[in-house]
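Biologist: I am new to this structure and would like a close look at a single part. Please take me through its sheets, and then show me what lies around them.

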Amino acid sequence: GTIYLDLMAHPDRRRAENIAGDFYVDDTCIDCDTCRWLAPETFTAKGGQSAVFAQPQTPAQRHDAFIAMAACPTASIGTERPDPGFARVRSEFPVPVDLDGDVLYCGYHSEKSFGAASYFLPRPQGNILVDCPREAAPLVKRLESLGGVSHMFLTHGDDVADHTTYQQHFGLQRWIHEGDRSALREAEHLMKGTEPFAMGEDLEVIPVPGHTRGSCCLLYRNKYLFTGDHLAYSARRGHLYAFRDACWYSWSRQIESMEKLLAYSFEWVLPGHGRRLYLPAHEMRRNLEQCIAWMKQR
């Protein structure tokens, strides 16, 4: 069977940048930003890593801080005193992205994918993981209770993480584009070409070469767009953007791929890296146009 490791933060490595109190970040932090978008009232960026700038005061803030603690790919977040609330939160994943409950966020980010987010789609035709979380016993148990996993859709080669563990446990089918096949040679399905195609009912695969040769978006119910590292929201810039400094294949192709998305209607951008964004579809299109204009200036 699989051995699941429960890592713990180190009180003796607590960063000096943390405010005094129960929650802290230690110096193993890789600055992946996960805790800062999950619990922005508690965590911030300081000195090239995350730190606690305000201790949680309300039950909701404490819950969010525990969500971030469980999701952290390097177990760099800790508390001075053990709290049973953390064990409860760890068993909650995957958690709904919105009130509809059509898409669930897996938490349990993996250091192997530099802390990328992954998602779970419960579907009568077979449940799907979008990108791969790290192997974690509480998550696997919850996925079993939700009916297991039939397919794993990988947006690109960077975020395959512990795919072997999940494939062996659930017998799932892995999908990746042939442009990124070197990252996952064992994949059961190789997607090809640059033309969009239906993966199933309410599911459309949109190849978006640029970040990597084989990057793909997945559109679900014309509402949720899973973008991997192709497209994300920047709170600092106030609009959607792409990672200019982490474009591993072609910036000009990525701009073309971004323009292709203007033909689609969606309300959620759910990236692997970067922040999520919800907007009504017409506002999302305007925001995407702003992103493209910004990209063309880079």
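**The sheets and their surroundings**

Modeller: Start with strands β15 (residues 224-228) and β18 (residues 268-271), which run parallel and are joined by four bridges. The model is a predicted one. Within this pair, L225 of β15 stands opposite V269 in β18.

Now widen the view. β15 and β18 belong to an open sheet of six strands. Read across it, and the order is β12-β13-β14-β15-β18-β19. The pairing in this sheet is mixed. At its edges stand β12 (197-200) and β19 (277-278). Each of these two strands pairs on one side only.

There is also an open sheet of seven strands. Its order is β5-β6-β7-β8-β9-β10-β11, and here too the pairing is mixed. The edges belong to β5 (95-96) and β11 (189-191). Each has a single partner strand, so one side of each is left without a neighbour in the sheet.

Look inside this sheet at β6 (residues 104-105). It pairs with β7 in the antiparallel sense, over two bridges. Y105 stands opposite Y119 in β7.

Next come the helices around the seven-stranded sheet. Helix α5 lies across three of its strands: β8 (128-130), β9 (151-153) and β10 (173-177). Against β10, α5 runs at about 145 degrees.

Helix α5 (163-170) also takes part in covering another helix, α4. Helix α4 spans residues 137-145. Its buried residues are P138, L139, V140 and L143. What covers them includes α5, but also α3 (84-90) and β7 (119-121). Thus β7 has two roles in this account: β7 pairs with β6, and β7 helps to cover the buried residues of α4. Just after α4 comes G147, with a positive phi of about 105 degrees.

Last, turn to the empty space. A search of the whole structure finds one cavity of 30 Å³ or more. The volume of the largest cavity is about 80 Å³. Its lining is made up of 14 residues. Nearest its centre lie C29, C32, C35, S50 and C72. By type, the lining residues divide into eight nonpolar, four polar and two charged.

To retrace the route, go back to L225 and V269, which stand opposite each other. Follow the six-stranded sheet out to its edge strands, β12 and β19. Then cross to the seven-stranded sheet, find α5 lying across β8, β9 and β10, and continue to the buried residues of α4.

Note on methods. Residues are numbered from 1 along each chain as its sequence is written. This is a predicted model: local features need pLDDT of at least 70, side-chain atom pairs count only at pLDDT 80 or more; totals for chains, interfaces and linings use all residues. Side-chain values use heavy atoms; hydrogens and water are left out. Buried means under 20% relative accessible area, exposed over 50%, partly exposed in between (1.4 Å probe, protein chains only). Contact means heavy atoms within 4.5 Å. Two strands pair if DSSP finds at least two bridges between them. Axes are lines fitted to C-alpha atoms, for helices over the stretch in contact, and angles run from 0 to 180 degrees between N-to-C directions. On a 1 Å grid over the protein atoms alone, a cavity is a set of points where a 1.4 Å probe fits but cannot get out, and a pocket is an open set with protein on both sides within 12 Å along at least five of seven lines; lining residues have an atom within 4 Å of a point. Grid points are joined across faces, edges and corners, and a volume is the space filled by probe spheres set on the points. Ala, Val, Leu, Ile, Met, Phe, Trp, Tyr, Cys and Pro count as nonpolar, Asp, Glu, Lys and Arg as charged, and the others, Gly among them, as polar.
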